[in-house]
Amino acid sequence: MEHNQNIAKIRAELATRSFDHGAHWRILFLGKSVNGSTDIVSCLSRSLRNLGHHVLDIDLKRHRGLIDNPTRAQGGNGPIYVRTDGLEQVLRRFEPQMIVCCAGGLTFRPDDAEALKRRGIVLVGLTLSDPDVFASVHPHAQVFDFHTTNARVAMPMYRDAGVHNTLYFPFGIDRGFVAQAVPRAPELAADVICIGHATARPERNAIMARVARDLDVRTYGRGWELPGSEVVEGRRMVQASREGRVHVNFPLTRAGYINIKCGVFESVGSGALVATGRFEEMEDFFTYDEEIIGYRDEEDLVGQVRSILADPALYRAMTERAFDRLVNGHLYEHRWIALFEQIQSIVAAGGSWLGQAREADVATILATSLPRAKHILLSGFYGASNVGDELILRSISERIQAADDAAQIWVGAENPDQVERSHGLQAFPRKSLPHALNAARTASGVVLGGGGLWHDYTFERSGGLLGLFHAPQISIAGFGALPLMGRMFDAPFHVVGMGIGPLEDADAKRMMGFIGGHAESVMVRDAESYAYAVESLPFPDRVRQAPDVVYGLQLPPLPAPAEVVAFRESGFRIVGLNLRPWAHTDEDLLVEQVAEGLIGWSRREPIAMIGIPMQAGERVDLSVIGRVARRIAEQVPSLVLRAPLGTDELLATLASLDALVSMRLHACLLAHRLGRPVVGIAYDPKVANHFAELGRAHVCLRLPLEAERLETAIAVVAAERDGLPAEARERIRGLEVDAAEALNAVATRLAATRTRPVVFEVPRLESPSIATAPSKPSSAGQPPAIATAPAWQAESIVGVRCTVLAHATSGSIVMPERSPRSASNGIAVWLPTEAPTRGDGMEASGVIEVQGQGDVELAMSLIAPYENQKALGRIRYTLEIDERWRISEDLAAVAAPLQLRLFAVAPARIPFRLSVYVERTTFASSAWPRASRVAFQVKSAEVSAHGCDSRLVTSRGEPVALTQPIAAALA
């Protein structure tokens, strides 16, 4: 409810105001948004974007493994060290001018901080929980060039401790929080509200209980004793805040300090009247009795609130004055501008703690300013551990950014975290419609592609034509939602590097024509795709055929990997091998023939083999390459690279080869571009087409392989000691020019688009079908009725029912008295023997039962705490889930728990099977029953904001597909 129409007018004007510091930098923003999109960390990140900076926000709540917390600090205390080795790709790709460590005790180790500074990066650390956390933060604050504190009272504390780089950076609220429009939520209306937590804060509960005796009250957060309390975040929090007329704020911190809180600015920005205790620092921001209420105790609070609510004119005047003061001086945009101006003033004046040399460095770094950020959305099959798709992403994104300094790419990805860490590009879950809509609101352009994304393989499985209207996630509809959303906001849409087909379904053609008809240009990668596009799109004159976009990828010179150098120094010629499973061929025969071909080559000259997987997963490329490596082990030394490969690692390896044998298109294409001769294995027509366009069809073999032809092809490339012949190189140069020209044409058109004057707001990421409103509290004088929880909260309760199977193939396993049993949230298995013998094993199977309706994310852990390098290769554990995924690891390899996140649609019954198995007889020890214990736990279930296509994500790479069903184990 907007309680003041003048505030509504100011709010509308604020949405059109431009805030600009005058410079726009590349800022790497590190923080943890604990409370979601209305967390202070999120607000600070959004306000930097609202100033036009190019911000890459790495949310450490999602990016596991980037921090080291040696003292187990929490609650804003430190030190929590950022691991810069995990950020190497981000630093190389994004090239930040500034890194902001936002709260949470985040800091750098001194050596890491110095290394970052040498790279030309200004380091800024924000502390948001002072003075409570001062004792643990101040020893580590001086690694930053500039450190800030939220509390004025903490400033002399830092000075007295000899920390001179700390600046005052008070709380505020971001422009998007204040300016955005949100739907009414009348069920949340109340005279008095408090948004915050009351856990172990009895004084808060006492005050709000007293107010509730006389007034209509709602409390939001954890630990409240008043019935009907709930935790709110995101847009729901904004709605709750705007529906409360008076907001009670508690200035006392947990450590007993009086301090201004961020909630004061959130409340004023919601158009409400703030009631808080009286203290000096508050008067720097708002005036008591004119703009806010200052109370002495609960009786004074109740009396003032009742009096002001009884005088509507006074209420309007106070809230309007406070709101006007906020939007003209207390937004986070104002805070950042003031901080950056102070930093530049300190550097310009000289004589600071930085020293003359560092002052000059900082001045030089910050003198480079980009245009205001222009957000371009790029959507495709990215972040799925397939190197070919990552190469496509890199090629397209680099061309767009090279054509326009203003462009900042946001990627709709299968795995956003992987894209952010590997490419230094902001990413969001493509399949989540709320995330896609949030991205589309700020986009100046949308690019779809490349790769084979338009086909009818999965068209019916995605719902056919109706799939476009039912939260599409796969097929043509799944890749069409984001471009169509972008068009709603007038963002131009381009299709780049698209592969089309097969496309025989009439409705699939209709859908492709409808979605593609909104594109300003359509670039396809081959003649077959061109024919489909011209037939189905309403504007065939917008269609252009161009080479695969990876021809347009710039190839930097890279040093040869150490392993290749070692092989070459030993006198070997280096042969790369890429294979992939293919259901339409005899894999055993493929492995045998490739192995024999390599062995035959080794009889003529010494060769070493480098296995090059292009897609991660034990049962994808690695499985087939590994079989060949084992088959040739006695004749040909080999090394199989670990997956997923980074693009630079792949390029460096391919460039150092003498020849390549490969199935995957982009391995062949890049090797050819690097001048390496290749034997191609055409599992798909696109591979054969590639070799044909280079005049190399004679060394590309179709499946099933013929031994004689393979031997002949190997002989041809073995003889090409000077690399690829001149004729093929010339054709490649032509394809490179054509691909670059086509990519540049799209990039130029995007560069010509205007930067939209957008405001980054609190995104609505909750699912509207799930967000059920609690009931409204009762009238004043009566305790509020207990609110009805949202349906998913009441019903989505996770239970695990387990049965136990045990086997003893060697006869040494006997079922223990304390055998694995069903638990409320999981199961544990172990080897009940002190002398594990090959073939021994224990197994448990069960069902995860999820009640309720809607999209759900299950957070799970697989815990095997034993780690011993001397025991590798002896015992293995395996987890199989939902008849689809298998995770199998050496028991002794890694002690860190494996975190899993399963996306499902409730209601569901998800079968699983957990086993421990002895692969090699091992030494006897009384510790084995304890050391071999493996536990599988379901920790929580929550509403999914990421789309639920029944996928499993783990903290150690992708799980492999499960081929054998396990339902029989549950019978």
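Biologist: Hi! I'm new here, so let me start with one residue: what does leucine 558 count as, at 28% relative accessibility?
Modeller: Leucine 558 counts as partly exposed, because 28% is in between the 20% limit for buried and the 50% limit for exposed. Keep in mind as we go that this is a predicted model.

Biologist: Okay, and where is leucine 558 found?
Modeller: In the loop between strand 22 (543-545) and helix 21 (562-569).

Biologist: Which residues does leucine 558 touch, not counting residues up to four places away in sequence?
Modeller: Leucine 558 touches Asp648, Leu651 and Ala652. Take the first of those: aspartate 648 is 90 residues apart from leucine 558 along the chain, and their C-alpha atoms are separated by 7.6 Å.

Biologist: Nice. Let me zoom out. How many helices and strands does the protein chain have?
Modeller: There are 30 helices and 37 strands in the chain. Of its 971 residues, 58% count as buried.

Biologist: And what share of the contacts with a separation of 6 or more comes from residues 24 or more positions apart?
Modeller: That share is 74%. Alanine 403 gives you a pair to look at: alanine 403 and alanine 751 are 348 residues apart in sequence, but 6.4 Å apart in space, C-alpha to C-alpha.

Biologist: What else is alanine 403 in contact with, leaving aside neighbours within four places?
Modeller: Besides Ala751, the contacts of alanine 403 are Ala747 and Thr748. Alanine 403 lies in helix 15 (residues 387-403), and with 37% relative accessibility it counts as partly exposed.

Biologist: Let's go to histidine 375. Buried or exposed?
Modeller: Histidine 375 is buried, because its relative accessible area is 3% and the limit for buried is 20%. You'll find histidine 375 in strand 15 (residues 374-379).

Biologist: Which residues is histidine 375 in contact with, apart from its neighbours within four places in sequence?
Modeller: Arg49, Gln408, Trp410, Thr442, Ala443, Ser444, Gly445 and Phe760.

Biologist: What covers the buried residues of helix 17?
Modeller: Strand 15 is part of that cover, and so are strand 16 (407-413), strand 17 (426-429), strand 18 (443-448) and helix 18 (475-488). The buried residues of helix 17 (residues 433-440) are His435, Ala436, Ala439 and Ala440. Seen down the helix axis, these buried residues fall within an arc of 135°, so they line one face of helix 17.

Biologist: Why would buried residues line up like that in a helix?
Modeller: An α-helix has 3.6 residues a turn, so residues three or four places apart point the same way.

Biologist: Which residues of helix 12 are buried?
Modeller: In helix 12 the buried ones are Tyr315, Met318, Thr319, Ala322, Phe323, Leu326 and Val327. Down the axis of helix 12 they fall within an arc of 150°, so here too the buried residues line one face of the helix. Helix 12 (residues 312-329) has 18 residues and reaches 26 Å from its first C-alpha to its last, close to the 26 Å expected.

Biologist: New topic: holes! How many cavities of 30 Å³ or more does the structure hold?
Modeller: Three. The largest cavity has a volume of about 130 Å³. It is lined by 21 residues, and those closest to its centre are Gly105, Leu106, Thr127, Val137 and His147.

Biologist: Which element gives the largest share of that lining?
Modeller: Strand 7, with three residues. By type, the lining of the largest cavity has ten nonpolar residues, eleven polar and no charged.

Biologist: Last topic, the backbone. What should I expect in general?
Modeller: Most residues other than glycine have a negative phi, and most peptide bonds are trans.

Biologist: Then which peptide bond leading to proline 131 is cis?
Modeller: The one from aspartate 130, with omega near 0°. Proline 131 sits in the loop between strand 7 and helix 5. The bond from glycine 78 to proline 79 is also cis, and proline 79 is in the loop between strand 3 (67-68) and strand 4 (80-82).

Biologist: And what is the phi of glutamate 95?
Modeller: About 50°, a positive value although glutamate 95 is not a glycine. Look for glutamate 95 in the loop between helix 3 (88-94) and strand 5 (98-102). Aspartate 289 also has a positive phi, near 70°, and is found in the loop between strand 13 (273-277) and strand 14 (293-295).

Notes. Residues are numbered from 1 along each chain as its sequence is written. This is a predicted model: local features need pLDDT of at least 70, side-chain atom pairs count only at pLDDT 80 or more; totals for chains, interfaces and linings use all residues. Side-chain values use heavy atoms; hydrogens and water are left out. Helices (H or I, at least four residues) and strands (E, at least two) are DSSP runs, numbered from the N terminus. Buried means under 20% relative accessible area, exposed over 50%, partly exposed in between (1.4 Å probe, protein chains only). Contact means heavy atoms within 4.5 Å. On a 1 Å grid over the protein atoms alone, a cavity is a set of points where a 1.4 Å probe fits but cannot get out, and a pocket is an open set with protein on both sides within 12 Å along at least five of seven lines; lining residues have an atom within 4 Å of a point. Grid points are joined across faces, edges and corners, and a volume is the space filled by probe spheres set on the points. Ala, Val, Leu, Ile, Met, Phe, Trp, Tyr, Cys and Pro count as nonpolar, Asp, Glu, Lys and Arg as charged, and the others, Gly among them, as polar. The expected span of a helix is 1.5 Å times one less than its number of residues. The arc is that of the directions from the helix axis to the C-beta atoms.
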